Amino acid sequence: MKNLEEIYSKELLFPELPNLPGFPRFPSLQPRTQTKSQSLNFKNGYMVVKNRPTYNSISTINNPAISFLDTQPPTIVPTTMISSHMMPQEVTDPSDIRGRYSLSRQKQDRENKKVALPFCPGSRLPPFLEHDRRVLLFHAYYEEDVMQSAIESKRVMKCEIYFYVEDGTIEIIQTKQENSGIPQGVYLRRRKVEKNCCHTGVENDENNMLKNNDDDNDFFGDYYGINDFKAGNSVEIYSRIFYVVGCNQSTKEYVMRYHGWTENDVITLPFPRDAFSESCMEKMMRESGVPGVDRKRKMHDLTEVMESMLGKQISTKDRGTFLSCGQKALCFHAIWDDRGRLYGDVHFFRLVYHLADDTMEVLTIHKKNDGRYPFPKLLTRTKLPKPGGGSEYYSWKDFSIGSFIDVFGRSMQLAKCDAFTEIFISATAFMPDDMPLEKEAEKIEVVRHIPPHNGFGSEEDSLRSCTGSINPPPVRKDLAKIREKQGMVLRFNARLLTDKTNRRFVIQYFMEDDTIAIQEPPIRNSGVMGGKFLSRQVVKKNEGSKYLASDMFTGVVLDIMCHHFELLNADDTTYRIMENDSKTFPFSCYNNIRPKVVSKKDDMCRYFVTEYGNGHKIQLEDLVKSCERVPLELNKQEVLTMWRKIDKKRKGAVSLT
């Protein structure tokens, strides 16, 4: 027992040495095995704790020769053999973890409903248990600059700051405003915010989480705490300054009870006035139908009738006018001459007067390219007061053609009305005639002078650039004419009248696109190089129109590029084409020539009998002479048509019999 008391006395001299598992302070006191028996048990449905047995380590101390490898169980020594100072005593210091939780202390804590850890009266719960689910709510706002706006310069953003007492984290939620046009909601997620922080991330530091100051846990190192959110304080969080204006009732009671705040610290301050938000709120109140707010809107007539049928009492003052007039309205055309002001102009409006309730609306009449925004109405449907600020309103009796009405400072003259308005007003008063809405401007005739063709490309393509379009479309071709006349070419032998050398040419006329090409056959030893005289193109007359197929026949003189060509004859294919199209070539139609020939038939027979006799054969030259002698007014193409009718076999001579 003496050795055991000495060992315990040494233990009391070095209380700072911890007794850690595997590293005991006095190995001589440790038994060979540290087995622990079950200490929890249930008796009669109640959970009880059994006392742990006390091991006898004295034999081990007195006899150090005993090996710790011995597998014999230790001897249990009764507790009466150990001195009273050897048992763990109940302590009062919370930092001493060697104390025990006595039965009397347990009973006392149960009666007082307290929990003491670690087994002493001065201990307290950790913050995550003591302040579990305790959140403080502070009301705050911050100001945001508004650029390029004539209505406001700053906008007030209301926020709610949530402070979690258990770990000192902060969460900021921006209060959502209806129709604000900006994203709102969570401004800052829950986290610890460092004072005067200049970065976006703050690492959790367990050493700086709590700094005890007596019983005040609101200061969390260099982070924002509860005392930083008093009413009237400004808090800078990530370069945004928040102004605290108050808190809720539960937060007010907590900080005044546990943190010693005064009434001035929890006073509720008003938010600064935001004119733009107030105007938006008033507009929404008017449109949402808040009771007691004059929305300046007339209830629909059908809605009023349905509510009266359901039992709502409605005034019958204007019921007679509504039933008699219904949806009838008077329509006038008005003119507002605003040219007296700088940049003023003449404006045109349509004034509609509703007879059912004596209301009127002014609609804007827009013209094409007038340079004004297309606002539909100048005045919505309402009663129009007369000038002077009284309670008198305009009536349909005040309207007549030529009269002036004042529409909120705009003097408009009524110039015209529709048929119904004229009949309605003429029944009670004289209605003057309509006035012209605007003076007819003098029409200036603009003559477009088209420059002559410069020779590059076709003339149709050059004319496209004179239409005023930046990207003119290509020339449209007559596809039906091309399909019908494709391959039809009129070929004529011609001579150049302006040249005395008697040069011969071949003129080709393409009927599919009305183009002309001229070729000169080469003549040996003539001194003139033959070939292409004129490339295929559209040729115009002196008056400006182009040559058509009807202008091409034998004997005609063509003026092409200041050169006069006389068509002498054509090939047989050309004659057949012309005879088959009597509408385009009237001189090649024998039915058109026959009446002239029949009238001179006797004279021509007498001439041939007198000149050639009965057995003589006549040729084309003889027919031409007879037409000149008779006389028969036929051109060369008509004579050729008559000769081709006579000489059907194309022998060149025909017998008189």
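The buried residues of helix 12 pack against strand 17, strand 22 and helix 16 (636–646). This helix is a convenient place to enter the structure, which is a predicted model. The buried positions of helix 12 include T574, Y575, I577 and M578. Viewed along the axis of helix 12, its buried residues fall within an arc of 160°, so they line one face of the helix.

Helix 12 (572–580) is also one of the elements that each supply at least two residues to the largest nonpolar core. That core has 27 residues, and L490 and I507 are those with the most contacts inside it. Besides helix 12, the elements that each give at least two residues are strand 17 (489–496), strand 18 (504–510), strand 19 (515–520), strand 21 (557–560) and strand 22 (563–570). Strand 17 provides the largest share of this core, four residues.

The surroundings of I507 can be followed residue by residue. Leaving aside residues up to four places away in sequence, I507 touches L490, R491, F492 and A494. The list for I507 continues with I516, A517 and I518, and then with M552, L558, F565 and L567. Another core, of 25 residues, lies apart from the one around I507, and C159, F229, V235 and F242 are among its members.

Charged side chains come next. A search of the whole structure finds 28 salt bridges, of which a few are described here. D514 forms a salt bridge with K481, with the closest N and O atoms 2.7 Å apart. D514 lies in the loop between strand 18 and strand 19, while K481 lies in helix 11 (residues 479–485), so the pair ties together parts that are 33 residues apart in sequence. The relative accessibility of D514 is 8%, so D514 counts as buried. K481, at 25%, counts as partly exposed. Salt bridges that share partners also join D572, R576, E579 and R644 into one network.

A second pair is K386 and D398, whose side chains meet in a salt bridge at 3.3 Å, N to O. Both K386 and D398 lie in the loop between strand 14 (377–382) and strand 15 (404–407), so this salt bridge ties together parts that are twelve residues apart in sequence. K386 is partly exposed, with a relative accessible area of 26%. D398 likewise counts as partly exposed, at 30% relative accessibility.

A third salt bridge is formed by the side chains of E143 and K154, at 3.6 Å from N to O. E143 belongs to strand 5 and K154 to strand 6 (residues 154–164), and the two residues are eleven residues apart. E143 has a relative accessible area of 35%, which makes it partly exposed. K154 is also partly exposed, at 44%.

Strand 5 appears again in the packing of helix 5. The buried residues of helix 5 pack against strand 5 (135–145) and strand 10 (240–247). Within helix 5 (residues 249–258), the buried residues are T251, K252, Y254 and V255. After helix 5 comes G260, which has a positive phi, near 70°.

The surface has a nonpolar feature as well. L302, V305, M306 and M309 make a nonpolar surface patch of about 400 Å². M309 lies in helix 7 (residues 301–309). M309 counts as exposed because its relative accessible area, 63%, is over the 50% cut-off.

Some totals put these regions in the setting of the chain. The chain has 16 helices and 24 strands. It contains 657 residues, of which 29% count as buried. Of the contacts in the chain between residues at least 6 apart in sequence, 47% join residues at least 24 apart. The chain exposes about 45500 Å², and carbon and sulfur atoms supply 52% of that area.

Terms used. Residues numbered from 1 in each chain as written. Predicted model: local features only at pLDDT ≥ 70, side-chain atom pairs only at ≥ 80, totals over all residues. Heavy atoms only, no water. Core = buried A, V, L, I, M, F, W, Y, C linked by side-chain atoms within 4.5 Å. Buried < 20%, exposed > 50% of the residue type's maximum accessible area, 1.4 Å probe, protein only. Contact = heavy atoms within 4.5 Å. Patch = residues over 30% accessible without salt bridge, like charges linked within 9 Å, V, L, I, M, F, W, Y side chains within 5 Å. Areas by Shrake-Rupley, 256 points an atom, 1.4 Å probe, with all protein chains shown as cover. Salt bridge = Lys/Arg side-chain N within 4 Å of Asp/Glu carboxyl O. Arc of directions from axis to C-beta.
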